[in-house]
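Here is a short tour of one protein chain, written to be read with the model open beside it. Let us start with the strands and then work through the helices and their charged pairs.

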Amino acid sequence: MTFDVPESLIFDTALSVAGLTDYIRLLLEQDEQLRQVWVTGEVSSANHHRSGLFFTLQDTDGTAGIKCVVWNSQVTKLAQMPIPGEQLIILGSIRVYPQRGEYQLSVWQALPAGVGLQALRYQQLKNRLLAEGLFDAQRKRSLPTHPQTIAVVTSPTAAAWGDIQKTLKQRYPGLHVLFSPATVQGEQAPESIVKAVERVERDGRAEVLILSRGGGAVEELACFNDERVVRSVANCSIPVITGIGHQRDESLVDLVADACVHTPTAAAEKVVPALSELYAEHRQRVAALHHAMLFSEETALNQLQVLRNRLRRLRLDRQVQQEAQQLAWKRQQLVQTTMGRSQQATQHLEMLRQKLASLDPKAVLQRGYAVVRQEDGAIARSAAELAVGQDLLIQLAQGEVKVKVTEVKN
């Protein structure tokens, strides 16, 4: 049997199998991308050998697969052992074996798919920021004791915003709150949070900033581990406190912030003191001042009696008179000073009492005003919210009245 082969297809020299295999090996093993490559797939088989662990990694639909090997020196370093049926993310390099004319993936690390890669990226970023010193305690600033203006960055539709408002109003009435809205979930969240923080800084009035969110799953809180958000908080010109509703793990934003708590309500409680506590502390100071005055007076009287006794024994009448005059002058000075401080304390106490009285909603009702509530207890603020035939509850200074709407005028 003969073949007609065109002369153009006859080569002067032909590659050996080893030569061809070596050429393929150089192409694969010298490729920069294949020298360190991440591959994800499902483990379809795994066999332990005296030299290492051999397994196959394939796509879930079975359309492609690749042989993998973990040498014994590397097996103990794996974060996840390859088990048939497991979804893994593999880090390794391509190696060609000329004897079998095959290539396989030499594995360095294996991670659970999904959260595994996310956890790896989190740890890498955390280590980098840690090396830069962004988590150092020396960088953290103390929060102002009595801030008059604070800023809040969170979602306008989140429950966290409502919790913060309620807590601030209860603890410190009259506080000026600047709201800088932001998206706190999803792909757009990091950029939105960064812009919200920048708005607060440009405004320049806030003395402290609350960055908050009402909790969520790990993937929903991913924006608080985004490098852009972390650096924005680290570089913020005013102290930042985070109140992200999670208990288990700290986010990178928590680590870089000047203070962090686990809930929006706790953040609002930490950023301002309670007015009732301040009032109680003031009363304690007044009582302490009164006690100090009585103690000083008693001490002075005791000293006077000691001096009188000494004078009687020494019979130095003239010196006694001089000492008595000096003591009387000091006593008068002490009384004047004490009375002045007591008067100042009383005036301050009266000012606080008047402020509390002006904030008391019952005082408003006593002046003839009334509070109109709907059936669900919500305060009616506009006629547009009401409907004819709707039952309302009118709260007066003394008692309540239930009425029905017969006509609505906007």
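## Strands β1, β4 and β5

Two strands are taken to pair if DSSP finds at least two bridges between them. With that in mind, and remembering that this is a predicted model, have a look at β4 and strand β5 (residues 102–112): they pair in the antiparallel sense over 10 bridges. Arginine 95 stands opposite glutamine 104 in β5, which is a handy place to begin tracing the ladder. The two strands β4 and β5 form a hairpin with 4 residues between them. In that turn, glycine 101 has a positive phi of about 65°.

On the β1 side, strand β1 (residues 37–49) is joined to β4 by 6 bridges, and these two also run antiparallel. Here valine 39 stands opposite isoleucine 90 in β4. How much of strand β4 (residues 87–97) is covered? Mostly covered is the description that fits, as 9 of the 11 residues of β4 are buried.

## The buried side of α9

Helix α9 spans residues 264–271, and its buried residues are Pro264, Ala267, Ala268 and Val271. These four cover an arc of only 95° around the axis, which puts them on the same side of α9. The general rule behind such a pattern is that an α-helix has 3.6 residues a turn, so residues three or four places apart point the same way.

What covers the buried residues of α9? The cover includes four strands and a helix that you can pick out in turn: β6 (149–154), β8 (208–213), β9 (240–244) and β10 (259–261), together with α5 (159–171).

## A nonpolar patch around α1

Turning to the surface, Leu15, Leu20, Tyr23, Ile24 and Leu27 form a nonpolar patch. Together they have about 530 Å² of accessible area. One of them, tyrosine 23, has its place in helix α1 (residues 17–29).

## Salt bridges

The model has 12 salt bridges by the rule used here, a side-chain nitrogen of Lys or Arg within 4 Å of a carboxyl oxygen of Asp or Glu. One of them lies inside a helix: the side chains of glutamate 191 and lysine 195 meet at 3.2 Å, N to O. Both residues belong to helix α6 (residues 189–203), where they are 4 residues apart, about one turn of the helix. Glutamate 191 counts as partly exposed because its relative accessibility is 39%, and lysine 195 counts as partly exposed at 43%.

Another bridge joins aspartate 226 and arginine 228, with the closest N and O atoms 3.0 Å apart. Is aspartate 226 buried or exposed? Its relative accessible area is 19%, so aspartate 226 is buried, the cut-off being under 20%. Its partner arginine 228 is partly exposed, with a relative accessible area of 46%. A further salt bridge connects glutamate 297 with arginine 331, the closest N and O atoms being 3.9 Å apart. This pair links distant parts of the chain, with glutamate 297 in helix α10 (residues 275–314), arginine 331 in helix α11 (residues 317–359), and their positions 34 residues apart in sequence. Glutamate 297 is partly exposed at 34% relative accessibility, and arginine 331 is partly exposed at 46%. There is also a network of salt bridges that links Arg128, Glu132, Glu227 and Arg231.

## Three residues to look up

Serine 232 sits in helix α7 (residues 227–234). With 12% relative accessibility, serine 232 counts as buried. Which residues does serine 232 contact, leaving aside its neighbours within four places in sequence? They are Val194 and Val197.

Leucine 130 is in helix α4 (residues 115–132) and counts as partly exposed at 47% relative accessibility. Leucine 130 and valine 256 are 126 residues apart in sequence, yet 9.5 Å apart in space, C-alpha to C-alpha. Threonine 346, found in helix α11, is partly exposed at 48% relative accessibility. From threonine 346 to arginine 283 is 63 residues in sequence and 9.9 Å in space, again C-alpha to C-alpha.

Notes:
Residues numbered from 1 in each chain as written. Predicted model: local features only at pLDDT ≥ 70, side-chain atom pairs only at ≥ 80, totals over all residues. Heavy atoms only, no water. Buried < 20%, exposed > 50% of the residue type's maximum accessible area, 1.4 Å probe, protein only. Arc of directions from axis to C-beta. Contact = heavy atoms within 4.5 Å. Patch = residues over 30% accessible without salt bridge, like charges linked within 9 Å, V, L, I, M, F, W, Y side chains within 5 Å. Areas by Shrake-Rupley, 256 points an atom, 1.4 Å probe, with all protein chains shown as cover.
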